[in-house]
Amino acid sequence: MVKKIVALGGDGIGPEVVDAAVQVLESMGLDIEIQKPLCGEVAIKRFGTPFPKEAMELTNESDAILFGATEQASVFILAYLRWGLDTYANLRPIKYYEGVPTPIKDPEGIDFLIVRENSEGLYPGREGDLSLLAEKLPDYRDRLGKSFADYGPGKFAIRVFTNKGCQRIAKFACEKARERKAKGFPGKVTCVTKSNVLRESCGLFQKTCEEVIKNYPELKYEHFYVDDMARRIIRFPKDMDVIVTSNMFGDILSDLAAELMGGLGMAPSACIGDKYAYFEPVHGSAPDIAGKGIANPTASILSSVLMLDYLGMKDKAEELENAVKAVYKEGKVLTPDMGGKAKTTDFTRAVIEKLK
Ligand code: IPM
Ligand code: MN
């Protein structure tokens with residue numbers, strides 16, 4: 001059966017890097033059909049909305065979605081992909097490829113996975129004036145014994161963790177650790193929270209991970225506070241296997257960890273739910289270089305690798321990953337973020353050449 005892919009470029013360099021990934025995929029002669037509806041900044045200019053009906057319908061009918069990047073225009077698309085489609089598990093593999101320029105000493109062998117909870121925490125943006133909480137929760141007291149009214153004017157943000165949200169992400173992380181263990185990785189889940197301060201919300205996340213891991217006796221488990229973990233990721237990157245954490249911590253730690261693999265130009269992601277999945281680079285829209293044709297499409301191409309894997313085309317996924325690997329190993333075609341002079345199209349062509 002032909003798989004239906006929809007490519008949504010989004011904003012800034014998003015359309016450029018997604019186009020590159022689409023070109024590479026189209027060169028592979030796969031059983032896929034890729035639709036490229038207008039969306040993002042260009043769609044606002046044409047239709048007055050970043051996510052026209054056609055794009056949304058194709059998204060709803062898709063087997064997988066390739067997404068580019070978000071500036072302001074496409075925040076709505078991102079929200080739809082994450083909350084509308086309930087893609088709750090955001091997988092961010094951190095893997096070093098030989099030849100990629102990096103300031104890290106001895107990066108060979110860095111290969112771990114960040115599993116970021118993608119639906120809860122601070123991200124749904126439940127914010128407002130403190131006066132609202134003071135009015136609705138007059139009897140609430142914080143750890144200091146103060147009410148919301150005691151603080152005077154200000155703003156709040158509410159961070160929500162649900163039992164269901166914690167359970168499903170903990171299970172997802174354990175399943176991934178099990179899969180990795182079968183491939184020779186250590187089989188370890190590292191839970192990251194700030195439960196020393198956020199005893200209720202992070203406490204629930206940690207407790208749930210500790211419960212869920214009991215169903216996986218073959219896996220090792222550890223827990224670190226997020227500040228300590230930031231340090232450990234840099235200091236002991238090869239001790240990592242599967243890291244599971246909440247939404248905002250995962251956002252921050254994945255940018256940090258991306259540096260271990262050569263920077264944001266390299267880092268891919270997969271956002272997976274029970275019915276839908278979308279694939280996007282960890283990087284943003286990079287408005288400073290948008291339209292110049294010099295964006296590094298590697299993260300988008302590696303996101304397509306994750307997509308092929310998700311679609312069950314494991315051999316093709318490996319083939320494409322090997323082509324990217326070969327380009328870096330040779331080290332002749334590097335985009336400016338990697339210290340080279342290659343254009344997006346040069347890099348794309350180099351990957352397509354390696355696939356032949
Ligand atoms: C990411 C991005 C997004 C996030 C932004 C664009 C909202 O930084 O995918 O990591 O914070 O999740
Ligand atoms: Mn981010």
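Domain bounds, as used here, come from an automatic or database domain assignment. The structure is a predicted model.

**Exercise 1. State which domains the protein is divided into, and describe how domain 2 and domain 3 meet.**

Solution.

Step 1. The division gives domain 1 (1–95 + 266–356), domain 2 (102–112 + 160–261) and domain 3 (125–159).

Step 2. Between the centres of domain 2 and domain 3, taken over C-alpha atoms, the separation is 31 Å.

Step 3. Contact between these two domains involves nine residues of domain 2 and four residues of domain 3.

Step 4. About 520 Å² is buried between domain 2 and domain 3, with carbon and sulfur atoms giving 41% of that area. On the domain 2 side, the residues that lose the most area to domain 3 are Val160, Val197 and Arg199, which together make up 69% of what that side buries.

Step 5. Domain 2 and domain 3 have three residue pairs in polar contact (both at pLDDT 80 or more), while the count of salt bridges between them is zero.

**Exercise 2. Determine the strand order of the open sheet of ten strands, and explain why strand 2 and strand 9 each have one side without a neighbour.**

Solution.

Step 1. The order of the ten strands is 2-1-3-12-11-4-5-10-8-9, and the pairing is mixed.

Step 2. Strand 2 (32–35) and strand 9 (220–225) occupy the edges; each has a single partner strand, and therefore one side of each lacks a neighbour in the sheet.

Step 3. On average, neighbouring strands of this sheet are turned by 20° against each other, direction ignored.

Step 4. Within the sheet, strand 11 (residues 268–272) pairs with strand 12 (residues 277–281) in the antiparallel sense, over five bridges. Pro268 has Pro281 in strand 12 as its bridge partner.

Step 5. Two helices that pack on the sheet may now be added. Helix 4 (residues 75–84) touches strand 1 (3–10), strand 3 (64–69), strand 4 (89–95), strand 5 (111–117) and strand 12, and its direction makes about 135° with that of strand 12. Helix 9 (residues 247–258) touches strand 4, strand 5, strand 8 (188–193) and strand 10 (242–245), and its direction makes about 155° with that of strand 5.

**Exercise 3. Identify the parts of the chain that the salt bridge of Lys155 and Asp129 ties together.**

Solution.

Step 1. The structure holds 25 salt bridges. One of them joins the side chains of Lys155 and Asp129, at 3.0 Å from N to O.

Step 2. Lys155 belongs to strand 7 (residues 155–160) and Asp129 to strand 6 (residues 121–129), so the pair links parts 26 residues apart in sequence.

Notes. Residues are numbered from 1 along each chain as its sequence is written. Chains are lettered from A and ligands numbered from 1 in the order in which they are written. This is a predicted model: local features need pLDDT of at least 70, side-chain atom pairs count only at pLDDT 80 or more; totals for chains, interfaces and linings use all residues. Side-chain values use heavy atoms; hydrogens and water are left out. Two strands pair if DSSP finds at least two bridges between them. Helices (H or I, at least four residues) and strands (E, at least two) are DSSP runs, numbered from the N terminus. Axes are lines fitted to C-alpha atoms, for helices over the stretch in contact, and angles run from 0 to 180 degrees between N-to-C directions. Contact means heavy atoms within 4.5 Å. Buried area is the accessible area (1.4 Å probe) that two parts lose on being put together, summed over both. A salt bridge is a side-chain nitrogen of Lys or Arg within 4 Å of a carboxyl oxygen of Asp or Glu. A polar contact is a pair of N or O atoms within 3.5 Å; within protein, one must be able to donate a hydrogen and the other to accept it, and residues adjacent in sequence count only if both atoms are side-chain atoms.
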